Amino acid sequence: MMEKRAKTEYPIHELLCSRWSPRAFTKQIPSKDQLLSLFEAARWAPSCYNDQPWFFIIATKENIKEFEVMLSCLVEQNQVWAQHVPVLVIGIARTVFALNGKINHYAFHDLGMAIQNMALQATAMGLAVHPMAGFSKSCIRKTYNIPEEYDPMTAIAIGYPGTPDELPELLKQEELEPRERKRVREFVFTRAWGKKFTD
Ligand SMILES: Cc1cc2nc3c(=O)[nH]c(=O)nc-3n(C[C@H](O)[C@H](O)[C@H](O)COP(=O)(O)O)c2cc1C
């Protein structure tokens, strides 16, 4: 199993260091209980007014036909590797508050928090989660009959991280590259925009 630990400037929790988004997964399908633990983790994310605007549709390779239907909604570049993952999920945000029907400007923020909870729970369980924007929303809407006020925002690949050997050459190279980030000094300010907190 490949690891791509973050090289941090300041110490952070092991779980955050070791989470990453692989494209190579093993064929092993996580158990239903394991998958439910990931959604349980999502469940405990914070959300604006505790509205919990996240919804998920899951397709596992337990049912190849259903899996392929979801896979067909991904863009070609993602299908190349995601066809080999054992589980696909679509993360969907309800864009209006359940309470009053008003627009929830934080719906995508909160869906993202829920997905990161899933990713960290997955990492703790030896699994990995790879989020994707590259899919057709209209395909997902049509396929699963999703109502207007719900927005399919993120596709997610889930499984056990594998070895990059079977990836196409370009993806294999990317898989082996170290994970890069901006420096903390580039995005944390104090007193005024651009005044670096780190100085
Ligand atoms: C909202 C979102 C959309 C993404 N879309 C794609 C995608 O369509 N295809 C893909 O291969 N990776 C996708 N990624 C993965 C990112 O490329 C990856 O998280 C980033 O390069 C950082 O790598 P790391 O997660 O391994 O730290 C997406 C990530 C996020 C959060």
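**Briefing: a predicted protein model with a bound ligand**

Helix H4 (76-82) and strand E3 (128-132) each contribute at least two residues to the shell around the ligand. The model described here is predicted. The points below turn first to the ligand and its surroundings, then to the pockets, and finally to the fold as a whole.

**Shell around the ligand**

- Strand E3 provides the largest share of the shell around the ligand, with 3 residues.
- The ligand is surrounded by 13 residues, and those that come nearest are Ser21, Arg23, His130, Ala133 and Arg181.
- Sorted by class, this shell holds 5 nonpolar, 4 polar and 4 charged residues.

**Polar contacts with the ligand**

- His130 places a polar side-chain atom 2.8 Å from a nitrogen atom of the ligand.
- Pro131 has a polar backbone atom that is 3.0 Å from a nitrogen atom of the ligand.
- An oxygen atom of the ligand lies 3.0 Å from a backbone N or O atom of Gly134.
- On its own the ligand has 620 Å² of accessible area, of which the protein covers 60%.

**Largest pocket**

- The volume of the largest pocket is about 600 Å³.
- This pocket is lined by 17 residues, with Ala6, Lys7, Thr8, Ile12 and Arg181 the closest to its centre.
- Its lining comprises 7 nonpolar, 2 polar and 8 charged residues.
- Arg181 appears in two of these descriptions: it is among the residues that come nearest to the ligand, and it is also among those closest to the centre of the largest pocket.

**Second largest pocket**

- The second largest pocket has a volume of about 250 Å³.
- Its lining consists of 13 residues, and Phe25, Lys27, His84, Thr163 and Glu166 lie nearest its centre.
- By class, the residues lining the second largest pocket are 5 nonpolar, 4 polar and 4 charged.

**Overall fold and dimensions**

- The protein contains 7 helices and 4 strands.
- Along the sequence, these elements follow the pattern α-α-β-α-α-β-α-β-α-β-α.
- The protein is as compact as a globular protein of its length, because its radius of gyration of 18 Å is close to the 16 Å that the globule rule gives for 199 residues.
- Taken along the principal axes, the C-alpha atoms of the protein fill a box of roughly 55 × 50 × 30 Å.

Terms used
Residues numbered from 1 in each chain as written. Predicted model: local features only at pLDDT ≥ 70, side-chain atom pairs only at ≥ 80, totals over all residues. Heavy atoms only, no water. Near = heavy atom within 4 Å. Polar contact = N/O pair within 3.5 Å; in protein donor to acceptor, adjacent residues only side chain to side chain. Areas by Shrake-Rupley, 256 points an atom, 1.4 Å probe, with all protein chains shown as cover. Nonpolar A, V, L, I, M, F, W, Y, C, P; charged D, E, K, R; others polar. 1 Å grid on protein atoms, 1.4 Å probe; cavity = no way out; pocket = protein on both sides within 12 Å on 5 of 7 lines; lining within 4 Å. Points joined across faces, edges and corners; volume = space filled by probe spheres on them. Rg over C-alpha atoms; globule rule 2.2 N^0.38 Å.
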